[in-house]
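Welcome, and please have the structure open as you read. This short report takes you through a meeting of two chains and a pocket.

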Amino acid sequence: MIPAQFDYVVPATLAEAVSLLSQHQDEAKILAGGHSLIPAMKLRLAQPQLLIDIGRIKDLSYIREEGSEIRIGAMTTHYQIESNARLKQICPMLPACAAQIGDVQVRNRGTIGGSLAHADPAADWPAAIIALNAEMVVVNGKGQRVIKADDFFVDMLTTALDANEILSEIRIPAPAGNFGQSYLKVPQPASGFAVVGVAVHLTRDAAGACEAASVAVTGVTSKAYRASAVEAALKGKALDDATIRDAASHATDGVDANGDIYASADYRRHLASVYTRRAIEAAAK
Amino acid sequence: MKIEGTHELYARRQRVYEVLTDPAVLKRCIPGCESLEKTGENSYRATLKAGVGTIKGIFTGSVELEDLRPPAHYRMTVSGKGQPGFLKGSGDIDLDERDGLTVVSYTGDVQIGGTIANVGQRMIQGAVKMMASQFFTAIEAEAKVEADETPPKHGFFRTALRWLSGKLRRMFRGKRSNPS
């Protein structure tokens with residue numbers, strides 16, 4: 001449980017961190033909250049030669065509203081999101097998702113940006129971020145670019161971030177109109193990771209029917225994905241039991257589910273459809 | 001753990017079989033393969049720097065090919081170990097010809113132990129699928145080129161592009177044959 005030798009630097013600014021990362025590329029890792037990276041290093045599953053600790057950079061930890069967007073700094077901890085009173089009013093899925101991550105220690109140290117950049121296939125944030133149609137602001141040597149949540153997760157532990165890029169901010173369109181949200185998961189009892197996690201964001205028209213639905217699922221396959229078939233089956237319909245049940249049955253359409261000791265691929269598919277139904281019901285209340 | 005999968009390759013079966021059993025090609029196509037040397041008739045010794053994302057490890061091990069029935073079938077036995085753990089297993093590889101393309105299907109049983117199995121169990125199946133699709137994408141590119149021609153180049157971007165174009169091609173083909 002002792003990591004291999006590594007060097008450690010603490011840049012004071014994001015620009016300095018980006019330049020260090022550009023110099024060292026794959027040999028270096030960004031240290032955010034460290035609650036995935038440090039355990040992997042202790043087991044020597046990860047052996048970066050250089051850790052770039054971005055924990056002392058000012059202005060990477062914030063939750064603010066700007067125009068029609070909610071902007072969250074990459075180094076904002078899960079607990080800061082879980083306990084934010086304003087978010088509970090304007091975008092309750094974010095605190096609800098944060099509250100279900102790991103345990104208290106993980107939520108106090110772990111960060112939203114770290115979790116997203118690590119892209120664990122069973123992490124909670126990716127589902128929420130896709131369902132909320134968020135955008136990732138990424139900083140590199142030339143400036144910054146914006147990546148849509150749908151394009152951010154490429155494969156297991158692999159994102160659209162280049163080797164010299166750092167995720168700096170998550171931008172979420174502020175939910176408007178008559179909307180409902182939920183995040184529900186089946187936690188693995190030992191690790192707390194999602195065996196299956198489902199995030200739902202619904203908007204309803206004046207008659208109460210579903211105007212648009214945004215549904216994303218994590219834990220089932222190598223990366224979180226948008227359940228487009230579920231969304232299509234809800235759009236424009238009255239949210240009665242039969243509609244919700246039918247929509248939820250499409251939760252894993254076209255998805256190659258993975259199995260492990262804890263849950264087989266078939267069981268995961270089953271859980272995904274049950275939890276998609278419950279998550280839609282919760283969001284429709 | 002059981003592993004199985006099928007990959008469709010746009011290349012002749014005979015040529016696919018040749019490249020799948022050619023150590024020089026395998027060395028280029030196996031993700032993270034640093035060395036592959038022949039130790040006997042149909043047996044090889046390999047060093048791999050394998051992994052996904054942050055999680056990486058160096059493995060050394062042996063590969064043996066048996067029951068060679070070109071161009072339709074062979075059996076592969078693998079055993080290897082490295083700092084993150086060990087693996088051993090064997091599997092059957094079958095090649096079928098269908099509508100001018102070659103369908104490679106593999107099925108086998110693999111035992112994985114050590115740290116990687118203790119803490120990474122939930123990721124193993126996904127990692128295997130990811131590496132298999134990288135491997136077969138590279139193999140397809142190799143099989144499209146004849147033995148006496150210059151072999152293609154591989155790299156992260158080339159593999160990603162090939163994977164993407166293959167996916168699109170399959171999507172459109174699927175749409176045509178299933179007009180719903």
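Here follows a look at the interface and then at the second largest pocket, all in a predicted model.

**The interface**

The size of an interface is often given as the accessible area lost when the parts come together. Here chain A and chain B bury about 1,900 Å² between them, with 60% of that area on carbon and sulfur atoms. On the chain A side, A:Leu45, A:Met156 and A:Leu157 lose the most area to chain B, and together they account for 34% of what that side buries.

The counts for the contact between the two chains are set out here.

| Feature | Value |
|---|---|
| Contact residues from chain A | 24 residues |
| Contact residues from chain B | 18 residues |
| Salt bridges between chain A and chain B | two salt bridges |
| Polar contacts between chain A and chain B (both residues at pLDDT 80 or more) | six residue pairs |

By class, the side of chain A that touches chain B holds twelve nonpolar, six polar and six charged residues. One salt bridge to look at joins B:Lys129 to A:Asp256, where the closest N and O atoms are 3.1 Å apart.

**The pocket**

Both partners of that salt bridge, A:Asp256 and B:Lys129, also appear in the lining of the second largest pocket. This pocket holds about 260 Å³ of space. From chain A its lining takes A:Asp256, A:Ala257, A:Ala265 and A:Arg269, while residues of chain B in the lining include B:Met1, B:Ile3, B:Tyr106 and B:Gln125.

Which elements each supply at least two residues of this lining? They are α12 (265-284) of chain A, together with β1 (2-9) and α3 (115-143) of chain B. By class, the lining residues divide into six nonpolar, one polar and five charged.

Definitions and conventions:
Residues are numbered from 1 along each chain as its sequence is written. Chains are lettered from A and ligands numbered from 1 in the order in which they are written. This is a predicted model: local features need pLDDT of at least 70, side-chain atom pairs count only at pLDDT 80 or more; totals for chains, interfaces and linings use all residues. Side-chain values use heavy atoms; hydrogens and water are left out. On a 1 Å grid over the protein atoms alone, a cavity is a set of points where a 1.4 Å probe fits but cannot get out, and a pocket is an open set with protein on both sides within 12 Å along at least five of seven lines; lining residues have an atom within 4 Å of a point. Grid points are joined across faces, edges and corners, and a volume is the space filled by probe spheres set on the points. Helices (H or I, at least four residues) and strands (E, at least two) are DSSP runs, numbered from the N terminus. Ala, Val, Leu, Ile, Met, Phe, Trp, Tyr, Cys and Pro count as nonpolar, Asp, Glu, Lys and Arg as charged, and the others, Gly among them, as polar. Contact means heavy atoms within 4.5 Å. Buried area is the accessible area (1.4 Å probe) that two parts lose on being put together, summed over both. A salt bridge is a side-chain nitrogen of Lys or Arg within 4 Å of a carboxyl oxygen of Asp or Glu. A polar contact is a pair of N or O atoms within 3.5 Å; within protein, one must be able to donate a hydrogen and the other to accept it, and residues adjacent in sequence count only if both atoms are side-chain atoms.
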